[in-house]
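Here is a walk through a two-chain model, with an eye on where the chains meet and how far to trust the coordinates. Have a look at the picture first, then read on.

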Amino acid sequence: MTIYRPGKGHLMIQFDTVHKRFPNGTTAVHDLSLEMPEGGVTVLVGSSGCGKTTTLRMINRMVEPTSGTIRVGGKDVLEQDAAELRRSIGYVIQQSGLFPHRTVLDNIATVPLLLGWGRRKARSRAAELLETVGLNADAGKRYPHQLSGGQQQRVGVARALAADPPVLLMDEPFGAVDPVVRTQLQDELLRLQKELSKTIVFVTHDIDEAVRLGDQIAVFRTGGHLVQCAAPAELLARPADDFVADFLGAERGLKLLSLTTLADVPQAAAPQDGPWTLVLDEARKPQAWRSRSKDAEVPLRPLKDGDSLLSALNESVTSPAGLVARVDGEGRLTGVTSREDIHEHAGRAHSAAGAATGAGVAA
Amino acid sequence: MTVDWSWIGDHTDDLTSLTVSHLEAALTAVLLGLLISLPLAVLAHRVRPLRGLLLGLSNVLFTIPSIAVFVLLLPVSGLTRTTTVIGLTIYTLVVLLRNTVEGLDSVPARTKEAAKAMGTRPLRTLLTVELPLALPVIMAGVRIATVMSISLVSVATYIGDGGLGQLFTDGFQRDFPTPVIVGVVLTLLLALVADALLVAVQYALTPWTRRRA
């Protein structure tokens with residue numbers, strides 16, 4: 001197996017006019033040309049039947065293209081042995097697809113064992129990965145059905161990472177878990193990706209998930225047509241057509257704000273008097289807004305620089321003073337930002353995202 | 001009906017050898033049945049058109065009365081143990097074939113898909129994923145086939161074999177109930193012990209089905 005080093009601009013996966021027609025005559029993927037850069041997350045989105053899963057599955061030859069070429073690491077997938085190709089590409093399936101008769105540890109060790117590592121080496125690698133995905137060591141001896149849905153999904157990710165493949169395919173991996181766990185798993189994936197820099201292809205029908213995870217998002221339309229492929233901010237600011245705009249939803253503008261952080265928005269000193277003042281604890285951590293008459297206290301959520309403009313907008317709307325409390329990494333007060341400043345930056349973020357693509361924000 | 005205990009005491013050697021011979025015939029049939037039905041079941045599972053044919057054929061064989069099977073086999077293998085074993089094997093096939101096919105069917109598509117996507121080749125998937133997961137259903141068939149064979153061995157008395165079944169003819173001919181009762185009790189015990197052992201084997205082979213969360 002060739003070892004790929006993450007490099008900027010290098011293309012890991014290339015689709016060149018790939019067409020897939022199933023024997024029953026339906027076209028799943030229509031003349032697709034798409035490039036996925038090394039070390040980046042490409043999210044394929046679209047409603048069901050749009051060919052996104054078929055596209056993903058053609059990368060490791062679970063589905064064979066009717067025509068066109070797919071290259072992984074520069075090599076045509078059809079010229080490689082299918083089983084060996086699959087071992088070199090991590091795959092995370094919907095509802096985990098774990099082997100019910102194997103312990104968690106042996107599930108994770110699947111590909112290393114297929115590659116002929118010794119049992120001991122494969123198990124110790126599996127134990128290492130258990131920790132990487134945030135599971136306890138004693139989970140390794142259990143069987144999949146003894147874990148929660150979220151834990152099973154983590155095992156699924158660990159299994160895909162076991163042989164350290166450069167490419168990771170994820171087919172709606174978080175589709176079957178509840179929203180809270182889903183958010184945790186997304187955070188975890190982003191954290192992992194920061195460390196591992198895999199080339200990830202991620203299929204989902206959830207546009208919020210796509211915006212959160214994607215370095216680029218490819219939007220598919222029924223019939224297997226790729227409509228637009230762009231970075232999340234560009235996609236949100238300038239959808240190619242009405243289909244994409246509809247797919248992104250009515251809150252498209254707000255979603256864009258979720259991509260911009262609060263760091264550049266100025267802050268002022270917290271008000272010492274006025275109708276509302278901040279209540280701080282002894283460590284100078286904001287606790288609540290207190291009215292002048294001291295008869296009302298409104299809870300607040302202090303924001304860090306890394307929080308999004310969207311959460312700042314939300315906090316500014318709920319704050320009685322129209323101010324957002326800003327804190328440092330330890331949660332200590334650094335200042336406040338006004339609703340007006342946040343609004344102004346929100347508008348600026350929009351025009352910047354539009355300008356970056358060489359045109360104004362689409363209507 | 002009274003049991004003549006002294007007869008039992010006088011014939012322990014005979015009873016032991018009949019029991020061993022009985023069990024031997026039944027177990028050989030089940031083992032042969034497994035060896036034949038396993039590849040056939042895999043074939044029936046993989047090749048859809050063969051499925052109805054194979055299952056239908058084994059059903060037809062099952063409807064032939066057991067005595068007739070032994071009689072039909074006489075010209076082929078004569079009054080031998082072979083005839084007994086072939087006859088019994090035919091009967092185990094229907095249960096084992098059907099259960100093995102159903103066991104393979106019961107393996108979730110997602111799991112097979114995962115095995116393929118990890119880069120497991122078909123034969124290894126069959127041996128390390130499909131058959132282990134089909135084991136509970138296959139073992140249910142093995143238990144039925146075993147108990148069935150143990151009870152059917154006696155029929156082979158008509159062709160001069162029959163293990164413990166010989167005790168029945170002996171008892172009836174002499175109008176002496178003790179061998180009949182002893183034969184029934186021993187057959188029953190054999191079936192119960194064999195079944196219990198198979199349950200234990202299955203428990204040992206399928207650790208993932210225990211400790212349901």
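Which residue with a positive phi follows helix 6 of chain B? That is B:G119, with phi near 95°. Before going further, a word on ground rules: this is a predicted model, where local features need pLDDT of at least 70, side-chain atom pairs count only at pLDDT 80 or more, and totals for chains, interfaces and linings use all residues. Residues are numbered from 1 along each chain as its sequence is written, while chains are lettered from A and ligands numbered from 1 in the order in which they are written.

**Chain B and its helix 6**

Chain B has 9 helices and 0 strands; helices here are DSSP runs of H or I with at least four residues, strands are E runs of at least two, and both are numbered from the N terminus. Its C-alpha atoms fill a box of roughly 70 × 45 × 25 Å along the principal axes. Of its 213 residues, 36% are buried, meaning that 20 or more other C-beta atoms lie within 10 Å of a residue's own (exposed is 12 or fewer, partly exposed is in between, and C-beta atoms are placed from the backbone). Counting contacts in chain B with a separation of 6 or more, 73% join residues 24 or more positions apart; a contact puts two C-beta atoms, placed from the backbone, within 7 Å.

Helix 6 of chain B spans residues 109-117, and B:A114, B:A115, B:K116 and B:A117 in it are buried. The cover over its buried residues includes pieces of both chains: helix 2 (82-87) and strand 6 (89-92) of chain A, plus helix 7 (122-152) of chain B.

In the loop between helix 6 and helix 7 of chain B you'll find B:T120. Why does B:T120 count as buried? Because it has 23 C-beta neighbours inside 10 Å. Setting aside neighbours within four places in sequence, B:T120 touches A:L114, B:A115 and B:T125.

**Two contact surfaces**

Where chain B meets chain A, 15 residues of chain B are in contact with 19 residues of chain A. Helix 6 and helix 7 of chain B are the elements giving two or more residues to chain B's side, and helix 6 gives the most, with 6 residues.

Within chain A, an automatic or database assignment gives domain 1 (11-251) and domain 2 (252-363). Their C-alpha centres lie 35 Å apart, and the contact takes 13 residues from domain 1 and 15 residues from domain 2. On the domain 1 side, helix 9 (232-237) and helix 10 (242-248) of chain A each give two or more residues, with the largest share, 5 residues, coming from helix 9.

The table splits two of these sides by class, with Ala, Val, Leu, Ile, Met, Phe, Trp, Tyr, Cys and Pro as nonpolar, Asp, Glu, Lys and Arg as charged, and the others, Gly among them, as polar.

| Side | Nonpolar | Polar | Charged |
|---|---|---|---|
| Chain B, touching chain A | 8 residues | 3 residues | 4 residues |
| Domain 1 of chain A, touching domain 2 of chain A | 9 residues | 1 residue | 3 residues |

**How far to trust chain A**

The mean pLDDT (the predictor's confidence in each residue, from 0 to 100) of chain A is 89, and 95% of its residues reach 70 or more. Among its elements, helix 13 (residues 339-356) has the lowest mean, 81, and strand 8 (residues 199-203) the highest, 97. Over residues 1-7 of chain A the pLDDT is below 50, and it stays under 50 over residues 358-363 of chain A. Where pLDDT is low, the predicted coordinates should not be read in detail.
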